[in-house]
Amino acid sequence: MATQELSVGEVAKRSGVAVSALHFYERKGLIRSLRNAGNQRRFPREVLRRLAVIRVAQRVGMPLEAVGAALAELPEGRTPTKAEWARMSARWRTELDERIQLLQFLRDQLTGCIGCGCLSLKRCRLANPDDMLAAQGDGPQRWE
C-alpha cells in the first residue's frame, strides 16, 4: 500500500536521521527500500522502528557491524520483537561490559603515562630499560 510507504525525506524527518545516513545504512544492508515507478526510494513504515534500534545501539557504542549482524538474524529483515530485542541487547551488554572494563583500566593507567606508554622517566627505567619496547614497533606497546 502506498500509504504504508515513506519517502526518504519523510523517513529522515520522522527518524531524525540524515538522508545521507539513510543511504549509508541502506548500502550497509541495515535498512531496505523499494523503488517506485519514478525510481524513487520508498521505505516501509517499519523502517522507523528499525532505525530507532540502530540509533540506540550506536548511542551505547555498538559498531554498525555488530548491529548489522544482529539485524541480519531477523526473518525477512523485519524489526525485532520485544523478545528478540532482549536477546540482542543481552549479547551487546556482555560486549559493553568488556569495553567498560578495558576503558576503566586505561583510565586508571593514563596518569602514569605521557602518551606512548614508556616516556615516564621514573618508571621507564624499570619497566622499559634500554627502550626494549622499541623492538616491538612504533607507538604504544602496553595499551592492549
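This report describes the fold, the sheet, the core and a few single residues of a predicted model.

**Overall build**

The protein has six helices and three strands. From the N terminus on, the elements run β-α-α-β-β-α-α-α-α. Of its 144 residues, 26% count as buried. The protein exposes about 10,200 Å², and carbon and sulfur atoms supply 55% of that area. Among contacts between residues at least 6 apart in sequence, 53% join residues at least 24 apart.

**The sheet**

The three strands form an open sheet. Their order is 1-3-2, and the pairing is antiparallel. Strand 1 (5–7) and strand 2 (34–35) are the edge strands. Each of these two pairs on one side only. Strand 1 is joined to strand 3 (residues 41–44) by three bridges. In strand 3, Pro44 is the bridge partner of Glu5.

**Helix 1 and its two sides**

Which residues of helix 1 are buried? They are Val8, Val11, Ala12 and Ser15. Seen down the axis of helix 1, these buried residues fall within an arc of 100°, so they line one face of the helix. They pack against strand 1, helix 2, strand 3 and helix 3. On the other side of helix 1, Lys13 and Arg14 are exposed.

Gly16 follows helix 1 and has a positive phi, near 80°. Ala18 sits in the loop between helix 1 and helix 2. With a relative accessible area of 43%, Ala18 is partly exposed, because buried means under 20% and exposed means over 50%. Ala18 and Val8 are ten residues apart in sequence. In space they are 9.4 Å apart, C-alpha to C-alpha.

**The nonpolar core**

In soluble globular proteins, nonpolar side chains tend to be buried together. Here the largest nonpolar core holds 24 residues. Val11, Leu22, Ile31, Leu51, Ile54, Val67 and Leu71 touch the most other members. Five helices give two or more residues each to this core, as tabulated below.

| Element giving two or more residues to the core | Residue range |
|---|---|
| Helix 1 | residues 8–15 |
| Helix 2 | residues 19–27 |
| Helix 3 | residues 47–59 |
| Helix 4 | residues 64–72 |
| Helix 5 | residues 82–110 |

Which helix gives the most to this core? Helix 3 does, with six residues.

Leu22 shows how the core is knitted in sequence terms. Not counting residues up to four places away in sequence, Leu22 touches Val8, Val11, Ala12, Val17, Ile31 and Leu51. Val8, Val11 and Ala12 are among the buried residues of helix 1. Val11, Ile31 and Leu51 are, like Leu22, among the core members that touch the most others.

**A buried glutamate**

Glu84 is found in helix 5. Is Glu84 buried or exposed? Its relative accessibility is 11%, so Glu84 counts as buried. A polar atom of the Glu84 side chain lies 2.8 Å from the backbone nitrogen of Thr81. Leaving aside neighbours within four places in sequence, Glu84 is in contact with Leu74, Pro75, Arg78 and Thr79.

Terms used. Residues numbered from 1 in each chain as written. Predicted model: local features only at pLDDT ≥ 70, side-chain atom pairs only at ≥ 80, totals over all residues. Heavy atoms only, no water. Pairing = 2+ DSSP bridges. Helix = DSSP H or I, 4+ residues; strand = E, 2+ residues; numbered from the N terminus. Core = buried A, V, L, I, M, F, W, Y, C linked by side-chain atoms within 4.5 Å. Buried < 20%, exposed > 50% of the residue type's maximum accessible area, 1.4 Å probe, protein only. Contact = heavy atoms within 4.5 Å. Polar contact = N/O pair within 3.5 Å; in protein donor to acceptor, adjacent residues only side chain to side chain. Arc of directions from axis to C-beta. Areas by Shrake-Rupley, 256 points an atom, 1.4 Å probe, with all protein chains shown as cover.
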